[in-house]
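This report walks through one protein chain. It starts with confidence and then turns to the fold, the surface and the contacts between side chains.

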Amino acid sequence: MRMNTRGRYGIQLMTQLACRVTDPRPVGLKEIARVTGLPWRYLEQIAGSLRKASLIAGRPGRAGGHRLGRSPDLITLREVLETTTGSLSLMDCVDTPSVCDHSQTCASRHIWVTVTQELRDVLDRYTLSDLAMRPCAGCRAAAAKARDTRTPARPSRRGSSTSRRRKDIRSNE
């Protein structure tokens with residue numbers, strides 16, 4: 001299973017809004033497109049779906065802008081993905097057994113139901129707040145915090161031990 005472009009872009013759009021949740025001004029989609037490199041027109045289409053689901057509030061256009069419809073810690077990744085891509089299901093028969101005549105006797109259907117539910121459960125555990133705290137989310141504050149907490153890289157010892165061994169070998173000869 002692979003997440004489609006609408007789902008990936010929807011997550012990135014919502015993460016950008018989550019990073020700017022304390023900004024009093026609504027954020028324009030052109031600004032998000034500039035920061036992320038995502039196509040502005042496609043973001044407009046995705047934003048329409050997110051507005052209908054009340055995950056974001058705002059209006060398109062020159063004087064428009066968007067903000068999250070509720071707190072980022074209350075919006076799960078599953079909500080965003082299902083709003084932008086539809087139901088998360090590995091097989092059609094998982095949610096609608098009647099689409100397959102063999103659903104009742106299928107040897108593998110219970111596995112697909114279990115895997116689908118596990119995927120949904122994992123995506124329900126993560127919120128936009130979780131993503132907004134990651135430096136790759138485009139949130140400058142989170143990136144600065146991550147840089148400050150990183151441990152410095154250890155210097156390479158590769159050359160020194162090799163050189164020392166060579167010297168030891170030469171001195172023994």
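The mean pLDDT of this predicted model is 82. A value of 70 or more is reached by 77% of the residues. Confidence varies between the elements: α4 has the highest mean pLDDT, 96, and helix α9 (residues 158-172) has the lowest, 51. Where pLDDT is low, predicted coordinates should not be read in detail.

## Fold

The protein has nine helices and two strands. Along the sequence they follow the pattern α-α-α-β-β-α-α-α-α-α-α. Of the 173 residues in the protein, 29% are buried. The accessible surface comes to about 11,800 Å². Carbon and sulfur atoms account for 51% of that surface. Contacts between residues at least 6 apart in sequence were also examined, and 60% of these join residues at least 24 apart.

## The hairpin and its flanks

Strand β1 (residues 56-59) and strand β2 (residues 65-68) run antiparallel. Four bridges join them. Ile56 stands opposite Leu68 in β2. The two strands form a hairpin, with five residues between them. Gly61 lies in the turn and has a positive phi of about 110 degrees. In a regular strand, side chains alternate between the two faces of the sheet.

Ser54 sits ahead of the hairpin, in the loop between α3 (40-52) and β1. Ser54 also has a positive phi, of about 60 degrees, although it is not a glycine.

On the other flank, Arg70 is found in the loop between β2 and α4. Its relative accessibility is 31%, so Arg70 counts as partly exposed. Leaving aside residues up to four places away in sequence, Arg70 touches Leu55, Ile75 and Glu79. Arg70 and Leu55 are 15 residues apart along the chain, and their C-alpha atoms are separated by 6.9 Å.

## Salt bridges

How many salt bridges are there in the protein? The count comes to eight. Three of them are tabulated here.

| Pair | Closest N to O distance |
|---|---|
| Glu31 and Arg34 | 2.9 Å |
| Arg78 and Asp124 | 3.0 Å |
| Asp95 and Arg120 | 2.8 Å |

Take the bridge between Arg78 and Asp124, with its closest N and O atoms 3.0 Å apart. This pair links distant parts of the chain. Arg78 is in helix α4 (residues 77-85), and Asp124 is in helix α6 (residues 109-125). The two residues are 46 residues apart. Asp124 has a relative accessible area of 32%, so it is partly exposed.

Helix α6 also takes part in the bridge between Asp95 and Arg120, at 2.8 Å from N to O. Asp95 lies in helix α5 (residues 92-95) and Arg120 in helix α6, so the pair ties together parts 25 residues apart in sequence. Are the two partners buried or exposed? Asp95 is partly exposed, with a relative accessible area of 39%. Arg120 counts as buried because its relative accessibility is 8%, and the cut-off for buried is under 20%.

Salt bridges that share partners also build a network, which joins Arg20, Glu31 and Arg34. Within this network, Glu31 and Arg34 form a salt bridge with closest N and O atoms 2.9 Å apart. Both residues lie in helix α2 (residues 29-36). They are three residues apart, about one turn of the helix. Glu31 has 29% relative accessibility, so it counts as partly exposed. Arg34 reaches 58%, so it counts as exposed; the cut-off for exposed is over 50%.

## A nonpolar patch

Which residues form a nonpolar patch on the surface? They are Met91, Ile111, Trp112 and Val115. Together they have about 310 Å² of accessible area. Trp112 is found in helix α6, the helix that also holds Arg120 and Asp124. At 31% relative accessibility, Trp112 counts as partly exposed.

## Reading the model

Helix α6 recurs in this account: it contributes Asp124 to the bridge with Arg78 and Trp112 to the nonpolar patch. At the end of the chain's numbered elements, caution applies to helix α9, with its mean pLDDT of 51.

Conventions
Residues numbered from 1 in each chain as written. Predicted model: local features only at pLDDT ≥ 70, side-chain atom pairs only at ≥ 80, totals over all residues. Heavy atoms only, no water. Buried < 20%, exposed > 50% of the residue type's maximum accessible area, 1.4 Å probe, protein only. Contact = heavy atoms within 4.5 Å. Areas by Shrake-Rupley, 256 points an atom, 1.4 Å probe, with all protein chains shown as cover. Salt bridge = Lys/Arg side-chain N within 4 Å of Asp/Glu carboxyl O. Patch = residues over 30% accessible without salt bridge, like charges linked within 9 Å, V, L, I, M, F, W, Y side chains within 5 Å. pLDDT = per-residue confidence, 0-100. Pairing = 2+ DSSP bridges.
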